[in-house]
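Open the model in your viewer and keep the selection box handy. We'll go stop by stop, with something to pick at each one.

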Amino acid sequence: MLGEIITQNRRLRPLIHCITNYVTANDCANILLACGGSAIMADDPDEVTEVTAMCGGLVLNMGTPNPRRLDALLRAGKEANRLGHPVILDPVGVGSSEMRRHAGRQILEQVRFAAIRANATEIAALVRGTAAHRGVDADPEKTLTNDDDENAKRLSQETGAVVIVTGDTDIVTDGKILYRVRNGHPMMKTVTGSGCQLSSLLGAYVTANPDRPLLAALTAVCAMGLCGEIAYERLTPLDGNASYRNYIIDAIYNLTPEALRKGAKYEAD
Amino acid sequence: MLGEIITQNRRLRPLIHCITNYVTANDCANILLACGGSAIMADDPDEVTEVTAMCGGLVLNMGTPNPRRLDALLRAGKEANRLGHPVILDPVGVGSSEMRRHAGRQILEQVRFAAIRANATEIAALVRGTAAHRGVDADPEKTLTNDDDENAKRLSQETGAVVIVTGDTDIVTDGKILYRVRNGHPMMKTVTGSGCQLSSLLGAYVTANPDRPLLAALTAVCAMGLCGEIAYERLTPLDGNASYRNYIIDAIYNLTPEALRKGAKYEAD
Amino acid sequence: MLGEIITQNRRLRPLIHCITNYVTANDCANILLACGGSAIMADDPDEVTEVTAMCGGLVLNMGTPNPRRLDALLRAGKEANRLGHPVILDPVGVGSSEMRRHAGRQILEQVRFAAIRANATEIAALVRGTAAHRGVDADPEKTLTNDDDENAKRLSQETGAVVIVTGDTDIVTDGKILYRVRNGHPMMKTVTGSGCQLSSLLGAYVTANPDRPLLAALTAVCAMGLCGEIAYERLTPLDGNASYRNYIIDAIYNLTPEALRKGAKYEAD
């Protein structure tokens, strides 16, 4: 099953429009090439709808935001929805400023997502935001559940997106089924943008497998974690996080359906 | 001959002003350092003319465009022309949006280039654009020749620039002589920005050899392709496109005139 | 002493707000993770004060400036001052344009720095700028001393910041004591942003050791130089500046207090 997702992705070679932050843009482009897809990066409101239309899928990453790029996120997202292209959201640091909270609320109101990937704090911020928006709870603090599983399921049910929460273990849910993924290595936290990279990989796998977004998301999360493990085994005593960054992308490049089948560690809850 | 170009470049250590996209800017700076030059990156219209004036050459890359950076491209280009500095154009994705098509037409009208490097689709878009602008053909589709050689020669004749078309084989032409370069490896397509990197390298070689732009361009194309081959031979089974990216830049760092002389594969058409 | 600085930094794991250029942002984030800290990158004036407030320290890097990011530098710097967070300045190319000279004067007027790191040319430009501003000398050329030691001490005395001048040997001074650091390797000049990376490292060490900024700065300079030496020894004949870049960050990742104690080469003047 997981193997089919990556085989289909390598066959279709999806072209993904990424609107992303300038810190990790290069790694996002290279991981897309590693998995067999490719990227166009374009973030100006004056051209994003045309670029979206040329591509098969869209990844919206909220890192290093500014008003112009946030406008571009909305325009591209709406165009992708109109065209039926899968859209992935990576709400980087969405709770960190009023600008990002506002942008997070706006984008969930105006764009339908195939998948949303974030850490637990970001997911909680999104859930509070949607709740506040819908007037369910006047005090955003009170709407926050402490249970990440519940937040993920709720965000999925409210948005229709597959929700991926990354952390020590990862969660993948469509609001009904919830998978727990136990791949990965703690050292992945020492690589900047490993989350952004996963969101890009998600963009490719979901775009190549639009009828199976839950399985495509599960595959991306297992693949990224497994490649973190493979890369870790490759480290020499002199290697550190810079070499590790390269080895993870290298491992995505070399990942086979067989290796993924053997190495994926997940269970339905 | 080719060896002299890189020797001269290492002797003069040209400082290149790069206005470039944020996806590949780091790799462009590192490949310039690898070849013996160096880069200043500055992209705001309020300062680009001053930065251009400090440098020996200018590389204008149209990736991740926005109105402010496009204005900077024009201003810097005109200042470099005024000072007699070589200017290189990399019209990234010039056919992808009206914003880029317009910018492509404007920049060819207002700036004289020593060299233009692009893929065949981008060259065709530029040729259509210049043709349409000159009123040669009302229907841009009809002005498109399917012959990349002809497009390259025509763009060279119209602009006075050496034109480089990269693809499975590469073309280098000054509108009269046309070289075909057979260096390179298909895996180079899996490294984001390998074209941007070549354009930066061109910037250094042409700046250090301003009286021989055709030979300097041929040298850059052979050098980049040859380093793609050297880097490929260095790959271990665990390596992928991330390590390959590093190995290509490493190979430029270590490239000698002798190795280039032996490894360059080109012929005049 | 130096060992204590890095031990304390690894214990406290400071979160650093970096407003930095897009060329080296990824390396800056990865070197902060390598040393045991972490980074948030955010550069829009509408959100920087909130992001600064979430962090322990602030690094202001003036590379690839534009009016909006320069405004963000000032706002974030003032907020960090208000909160008592250490602020580091990296005045990239401050003498290169009127826009940067003006920004350099403004930022020294409005923000108090714990440390300023630059090369000798940039330090001289800042000293001229502050002098001109204070009306000490009508002709900026005449206020320039040729003695880098004196410039560094003077800038330190005028600003209250520890001043670090990087070059063939490095200077670290608080205006009274002046250390000379003899670590490092000439090949570090072939890695783009090695100065930016040092400024990020400074941000972490000073933030984790706010009562000892001189010692923290000396530690960062010795650590960066020593890791340049360690990385150089690791190079194989095929390696070049791209692998070297990775090896330096790897060495920071693996740096122990003992290795630093043994390898640091500095003397008080």
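Start by selecting Leu226(C) and showing its neighbors. Leaving out residues up to four places away in sequence, Leu226(C) touches Asn183(C), Leu260(C), Gly263(C) and Ala264(C). Color helix 10 of chain C, residues 213–234, and you'll find Leu226(C) sitting in it. Buried or exposed, then, for Leu226(C)? Buried: the count is 24 other C-beta atoms within 10 Å, and 20 or more is what it takes. Now add Arg182(C) and draw a distance: its C-alpha atom and that of Leu226(C) are 9.1 Å apart, although 44 residues separate the two along the chain.

Before going further, a word on what you're looking at. This is a predicted model, with an ipTM of 0.93 and a pTM of 0.95. Color chain A by pLDDT: the mean is 94, and 94% of the residues in chain A reach 70 or more. Then select residues 132–145 of chain A, where pLDDT stays under 50. For that stretch the model has 17 contacts beyond four places in sequence.

Back to chain C, and on to strand 8, residues 178–181. Show the side chains and watch them alternate: Tyr179(C) and Val181(C) point to one face and are buried, whereas Leu178(C) and Arg180(C) point to the other and are not. That's the familiar pattern, as side chains in a regular strand alternate between the two faces of the sheet.

Which strands pair with strand 8 of chain C? Select strand 7, residues 170–173, and you have an antiparallel partner, joined over 4 bridges. Here Asp170(C) stands opposite Val181(C). The two strands form a hairpin with 4 residues between them, and in the turn you can click on Gly175(C), which has a positive phi of about 95°. Next pick strand 9, residues 266–268, which also pairs with strand 8 in the antiparallel sense, this time over 3 bridges. Look for Glu267(C) in strand 9, opposite Arg180(C).

Hop over to chain B and select strand 1, residues 15–19. This strand is mostly covered, with 4 of its 5 residues buried. Strand 2 of chain B, residues 38–41, runs parallel to strand 1, and 4 bridges join them; Leu15(B) stands opposite Ser38(B). Add helix 2, residues 25–35, and the trio of strand 1, helix 2 and strand 2 of chain B shows up as a right-handed β-α-β unit. Strand 1 of chain B also pairs in the parallel sense with strand 3, residues 57–61, over 4 bridges. There, the bridge partner of His17(B) is Leu58(B).

Now zoom out to where the chains meet. Select the contact between chains A and B: 24 residues of chain A are in contact with 24 residues of chain B. On the chain A side, helix 2 (25–35), strand 2 (38–41), helix 3 (48–54) and helix 11 (241–254) each supply at least two residues. By type, that side of chain A divides into 13 nonpolar, 4 polar and 7 charged residues.

Last stop: the symmetry. Superpose chain C on chain A, which takes a rotation of 120° with 0.0 Å of shift along the axis and gives an RMSD of 0.0 Å. That is the relation of a three-fold axis. To find the axis from chain C, select Tyr22(C), whose C-alpha comes closest at 3.4 Å. Only 12% of the interface residues of chain C are also interface residues in chain A, so the copies meet through different surfaces.

Key. Residues are numbered from 1 along each chain as its sequence is written. Chains are lettered from A and ligands numbered from 1 in the order in which they are written. This is a predicted model: local features need pLDDT of at least 70, side-chain atom pairs count only at pLDDT 80 or more; totals for chains, interfaces and linings use all residues. Copies are superposed by least squares on the C-alpha atoms of residues with pLDDT of at least 70 in both. Two residues are in contact if their C-beta atoms, placed from the backbone, lie within 7 Å. A residue is buried if 20 or more other C-beta atoms lie within 10 Å of its own, exposed if 12 or fewer, and partly exposed in between; C-beta atoms are placed from the backbone. Two strands pair if DSSP finds at least two bridges between them. A crossover is right-handed if, with the strands pointing away from the viewer, the path from the first strand over the helix to the second runs clockwise. Ala, Val, Leu, Ile, Met, Phe, Trp, Tyr, Cys and Pro count as nonpolar, Asp, Glu, Lys and Arg as charged, and the others, Gly among them, as polar. pLDDT is the predictor's confidence in each residue, from 0 to 100.
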